[in-house]
Amino acid sequence: QNIYNTLFERIISGQHPVNTVLTEEKIAQEFKVSRTPAREVLKLLEFDGLIETKPKKGYLVLGFSIDDVEEIYEIRKALEILALKISISKLSIQKLIEFKNKMIKLEKSNDFEDYSRLDGEFHSYMLDSSEKRRLINMIGHAMHLLQRFRDWTHKNVNLRKKANKEHMELIDALCMRDLEKSKKILQDHLEEAKL
C-alpha cells in the first residue's frame, strides 16, 4: 500500500512526468521488495489509468491532467445523482438530522480533518443507502482518484464553509424527500467542488 501511495503521489504531482518508464525491477530495487508486489502495484496504477503497459519496455506514465480531473468529477456527479435517486426514500431522517447537527458544530471549528471526515461519512451514507454494490465501488474509485484535490479544497476555510452550508441545504431537501431539489443541490455542490 505504501509503494502504491508513493507512486500515485509522484505521478499526480508530476514527479514521474508523462512518458516516464517504470519497471518492476526498478520499483523492486527502490522499495526493497520482490518483483511480485512491484508488479501488483503497477497493475493497480494501470487500473487507475495512470500508466499503461509497453511490452518489453515496462510501464509508461500517462500522467494525470486537469482534463482527467474534470472528467472524473463529471463521472462522480452522474453516479452520485443516480445513487441519490435510488437512496432518497431509504435515508433515515433521524440520521440526517444528526449529520446536520454535526455540521452546525463544525461551522465553529477550523479543523479541516474533522470536516473532511464528516464530508466522507455523509457522502458515504447517501451512497451506501443505495445498496448498489457496483455503483458504490465505481464512485469509491472516482473519489480515490480525486482525494488529493478534495484535500486541497478542504484546507481552504472559505470553500469548506461554503460546502458545509451546501451539505446542510441538501439535508433539508432530503428530509423533505424532495428529489428534484436534492438533485439540483447535489449537482451544484459537485460542480462547485470541480471548479
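**Loops and helices in a predicted model**

Modeller: Welcome! In this predicted model, the loop between strand 2 (51–54) and strand 3 (58–61) holds Lys 56. Its phi is positive, near 70 degrees, in a residue other than glycine.

Biologist: What makes Lys 56 count as exposed?

Modeller: Its relative accessible area is 91%, and exposed means over 50%, so Lys 56 is called exposed.

Biologist: And why does Arg 177 count as partly exposed?

Modeller: Arg 177 has 36% relative accessibility. Buried would be under 20% and exposed over 50%, so Arg 177 falls in between. This residue is in the loop between helix 8 and helix 9, and its phi is also positive, near 55 degrees.

Biologist: Happy with that. How do you know that the span of helix 8 (residues 157–175) agrees with what is expected?

Modeller: At 1.5 Å a residue, its 19 residues should span 27 Å, and the end C-alpha atoms are 27 Å apart, so the two agree.

Biologist: Which helices do the buried residues of helix 8 pack against?

Modeller: They pack against helix 4, helix 5 (93–106), helix 6 (112–128), helix 7 (133–155) and helix 9. Among those buried residues are Arg 160, His 167, Met 168 and Leu 174.

Biologist: Good. Why is helix 4 called roughly antiparallel to helix 9?

Modeller: The axes of helix 4 (residues 66–87) and helix 9 (residues 179–194) come within 10 Å and cross at roughly 160 degrees. Angles over 145 count as roughly antiparallel, so the name fits. The crossing is right-handed, and by class the contact has seven nonpolar, two polar and nine charged residues.

Conventions: Residues numbered from 1 in each chain as written. Predicted model: local features only at pLDDT ≥ 70, side-chain atom pairs only at ≥ 80, totals over all residues. Heavy atoms only, no water. Axes fitted to C-alpha atoms, helices over the stretch in contact; angles between N-to-C directions. Helix = DSSP H or I, 4+ residues; strand = E, 2+ residues; numbered from the N terminus. Parallel < 35°, antiparallel > 145°, perpendicular 65-115°, else oblique. Left-handed = near helix turned anticlockwise from the far one by under 90°. Nonpolar A, V, L, I, M, F, W, Y, C, P; charged D, E, K, R; others polar. Expected span 1.5 Å × (residues − 1). Buried < 20%, exposed > 50% of the residue type's maximum accessible area, 1.4 Å probe, protein only. Contact = heavy atoms within 4.5 Å.
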